[in-house]
Amino acid sequence: MSTPLNIIFSWFEKGDVPTEYQFQQVFSSFRHLDEKIKMDEVMGLNEAFQKKISTTTFTNHLEDNSAHHLVLAKLNASNLTASNVEEWKEKLKIKFAATIDGSEGIGNVYTKEQIGEIVNLFQAKDDEMLEYIAKINEILDSNDVNLDEIREIVGYIKENREQIEWLKEEIARNGSDDNINLVGMYSNWGAITFQNQFNDLVYDKIKSLEDVTNSEKNKYEERVRGDSKIKHDLDTFSFVIDAYDTVTMFTVPLKVRRIDTNTIEVLFDSVPPNIIQLTIKKI
């Protein structure tokens, strides 16, 4: 029977003189290297062996093709469902991979033989088209005066198709520009009922718009020395603004904030050294 360690340690404290008996107890408390350990002396070994499966059972499990078939795929994938296959394709990023015709089904791309047949078909059609083109060019290159006149007529029709269609309608109605009744109602523009009246009024309005566009009412100028709030009379949020140094004549970068349709705020990255000329143009 072994002696507890705390008792052994007490025999070898400073000033102690261990006896023969004590030395014997010390060495008897430890196992010698030549002394083999019995299996029943290893704590928990028997219990561990009780939990161990037999070699036969383990071998049979390894050789069982249906083992874990619900969670593992077989080498031949015979236990995969259609849904499993789609999930594998998605995970492997081959869901849209091209396949060729095979013994098990039709693929989604043409085989080399199929492409060859298609190319031959196109080639035959191409040769046929070239023959027609050659015949047409031969006709066009002829000195037939009637053919030249036909080409001129076709060209005129292409360029003046809208006018021709309008003339056809007018001939059918036996009408003219000064007695064509308007389809729409333009009561806000006054008493106009015929096409020529409408044309004259539209022309006058376009001319008026051009005059306004060219007037100074669409431009505002001002000189500033730095960040400023500017009042203008352009009555718009749509404009372009030009800023330049009146001494160096270089364009100056600035930021513009629209406050309302007649007020803006201009901000410079740094205080300009000279007077800045601003020109605001309405779009």
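**Aromatic pairs.** I searched the whole of this predicted model for aromatic pairs and found one. The partners are F12 and F23, with ring centres 5.5 Å apart. Their planes stand at 75 degrees, and edge-to-face pairs need over 60, so I logged the pair as edge-to-face. I then looked up where each ring sits in the chain. F12 belongs to the loop between α1 and α2, while F23 is in helix α2, 11 residues apart from F12. I noted that the pair thus links distant parts of the chain.

**Exposure of the two rings.** Are F12 and F23 buried or exposed? I read 39% relative accessibility for F12 and 37% for F23. Partly exposed covers the range between 20% and 50%, so F12 goes down as partly exposed, and F23 is also entered as partly exposed.

**Helix α2.** I went on to the rest of α2, which spans residues 20-28. Its buried residues include Q22, Q25 and V26. I checked how these are placed around the axis: they cover an arc of only 105 degrees, which puts them on the same side of α2. On the face turned away from that buried side I found the exposed residues E20, Y21 and F27. Looking for what covers the buried residues of α2, I found that the cover includes α1, residues 5-11.

**Largest nonpolar core.** I next listed the largest nonpolar core, which has 12 residues in all. Among them are V224, L234, F239, V266, F268 and I280. Which elements give two or more residues to this core? I noted β3 (239-245), β5 (263-268) and β6 (276-282). As background, nonpolar side chains in soluble globular proteins tend to be buried together.

I took V266 from the core and looked up its contacts, leaving out residues up to four places away in sequence. V266 touches D227, S228, I230, I241, L254, K255, V256 and L278.

**Three-stranded sheet.** I traced an open sheet of three strands in the order β1-β6-β3, paired antiparallel. β1 (219-224) and β3 are at the edges with a single partner strand each, so one side of each has no neighbour in the sheet. Ignoring direction, I read an average turn of 15 degrees between neighbouring strands of this sheet.

How many bridges join β1 to β6? I counted six, with the two strands running antiparallel. For Y220 I looked up the bridge partner in β6 and entered I280. I had already listed I280 in the largest nonpolar core.

Notes:
Residues numbered from 1 in each chain as written. Predicted model: local features only at pLDDT ≥ 70, side-chain atom pairs only at ≥ 80, totals over all residues. Heavy atoms only, no water. Buried < 20%, exposed > 50% of the residue type's maximum accessible area, 1.4 Å probe, protein only. Helix = DSSP H or I, 4+ residues; strand = E, 2+ residues; numbered from the N terminus. Arc of directions from axis to C-beta. Contact = heavy atoms within 4.5 Å. Core = buried A, V, L, I, M, F, W, Y, C linked by side-chain atoms within 4.5 Å. Pairing = 2+ DSSP bridges. Axes fitted to C-alpha atoms, helices over the stretch in contact; angles between N-to-C directions. Phe/Tyr/Trp six-rings, centres within 6.5 Å; stacked < 30°, edge-to-face > 60°.
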